[in-house]
Amino acid sequence: MSSADSGNVSLNISDNGIATISFYHPAQNSLPSALLDELTAKIVSAGNAPKTRVILLKSEGDRTFCAGASFDELLQIKDKEAGAQFFSGFARVINACRKSPKIVIARVQGKSVGGGVGLAAGADYCLATEAASIKLSELAIGIGPFVISPAVIRKIGLPAFSQLTIRASDFQTAQWAEEKGLFNEVYADIASLDEAVNALAEKLASYHPEALTGLKQILWEGTENWDELLTQRAAISGELVLSEFTQQALHGFLSGKR
């Protein structure tokens, strides 16, 4: 586990086989490379643990599920290779969810931006609160949601993805995300969300493990090329982030936030 300043990722497997993976970063649960790598490792570890029956993915705090990429780290990228490597972090997390033999439930208690939407889309089932609005802001900073697009399109379809991407400055509501298929269930508050998440996780943990693994394979049919596809998409984003346009946009965004 990392220090509090750089965030952390934890894994806890309960006696009845619920593997809870929780991440935290002080900057609205944004994800720098180190946390992305930790998150991938924990998802793989939980999926491979004989004791695990179902994986629960969540973040700490009550306002933001995940603000996506770390803008501070994006500004430190100086070459295409480093850029591709950074965005490959999101690719590896999504692919870890995809390839895990266990069903992944996401608990989305607050807003999701950019890569955070990709995390939600990478789960097999997603429960959220009414406060869990979503936004793909990548075009506004000179890049695009290339790495996460396969996962998001798989859940909500191309028309909704187009709206989410082109309306890069606008949040869409949790109800919109539920209607389009990103969220499976939406609850009024965190207390009712947690009650529903816990009940579902316990129920899934009681089902036949081999049946769940078989279901997992069916849910992700047709995505066998994603290891290569998402790596290619990461290279596109890694090159764009070096542009003067994107660097100025990132500086402008960060100066406006501080």
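This report describes the sheets, nonpolar cores and aromatic contacts of a predicted model.

## The six-stranded sheet

One open sheet is built from 6 strands, in the order β1-β2-β3-β5-β7-β9, and its pairing is mixed. The edges are taken by β1 (8-13) and β9 (185-187). Each of these two has a single partner strand, so one side of each has no neighbour in the sheet. From one strand to the next, the twist averages 15°.

Inside this order, β3 (residues 54-59) and β5 (residues 104-108) pair in the parallel sense, over 3 bridges. Leu57 is placed opposite Ala106 in β5.

## The three-stranded sheet

Another open sheet consists of 3 strands in the order β4-β6-β8, with parallel pairing. Here β4 and β8 (134-135) stand at the edges. Each has a single partner strand, so one side of each is left without a neighbour in the sheet.

Strand β6 (residues 111-113) runs parallel to β8 and is joined to β8 by 2 bridges. One residue of this pairing is Ser112, whose bridge partner in β8 is Ile134.

## The nonpolar cores

The largest nonpolar core contains 63 residues. The residues with the most contacts inside this core are Phe23, Leu31, Leu39, Leu74, Val108, Leu182 and Phe183. Helix α3 gives the most to the core, with 8 residues. There is also a second, separate core of 13 residues, which includes Ile103, Ala201, Leu204 and Ala205.

Leu31 shows what such a residue touches. Leaving aside residues up to four places away in sequence, Leu31 is in contact with Phe23, Leu36, Leu39, Cys66, Gly68, Ala69, Ser70, Phe86, Phe90 and Leu119. Three residues in that list, Phe23, Phe86 and Phe90, return in the next section.

## Aromatic pairs

Two values describe a pair of aromatic rings: the distance of the centres and the angle of the planes. The whole structure holds 4 aromatic pairs. One of them is formed by Phe23 and Phe65, which are edge-to-face, with 5.7 Å from centre to centre and 70° between the planes. This pair links distant parts of the chain, because Phe23 belongs to strand β2 (residues 18-24) and Phe65 to strand β4 (residues 64-66), 42 residues apart. Phe23 has 0% relative accessibility and therefore counts as buried. Phe65, also at 0%, counts as buried too.

Phe86 and Phe90 form another edge-to-face pair, at 6.4 Å centre to centre and with 75° between the planes. Both residues lie in helix α3 (residues 80-99), 4 residues apart, which is about one turn of the helix. Phe86 counts as buried because its relative accessibility is 2%, and Phe90 counts as buried because its value is 5%; the limit for buried is under 20%. Together with Phe87, Phe86 and Phe90 make up one aromatic cluster.

## Charged residues over rings

Which residue lies over the face of Phe171? That residue is Lys111, at 4.5 Å from the ring centre. Lys111 is also part of strand β6 (residues 111-113) in the pairing with β8.

An arginine is placed in a similar way over a tryptophan: Arg154 lies over the face of Trp220, at 3.5 Å from the ring centre.

Conventions:
Residues are numbered from 1 along each chain as its sequence is written. This is a predicted model: local features need pLDDT of at least 70, side-chain atom pairs count only at pLDDT 80 or more; totals for chains, interfaces and linings use all residues. Side-chain values use heavy atoms; hydrogens and water are left out. Rings of Phe, Tyr and Trp (its six-membered ring) pair if their centres lie within 6.5 Å; planes under 30 degrees apart count as stacked, over 60 as edge-to-face and the rest as tilted. Buried means under 20% relative accessible area, exposed over 50%, partly exposed in between (1.4 Å probe, protein chains only). A charge sits over a ring if NZ of Lys or CZ of Arg is within 6 Å of the ring centre and within 35 degrees of the ring normal. A nonpolar core is a set of buried Ala, Val, Leu, Ile, Met, Phe, Trp, Tyr and Cys residues joined through side-chain atoms within 4.5 Å. Contact means heavy atoms within 4.5 Å. Two strands pair if DSSP finds at least two bridges between them. Axes are lines fitted to C-alpha atoms, for helices over the stretch in contact, and angles run from 0 to 180 degrees between N-to-C directions.
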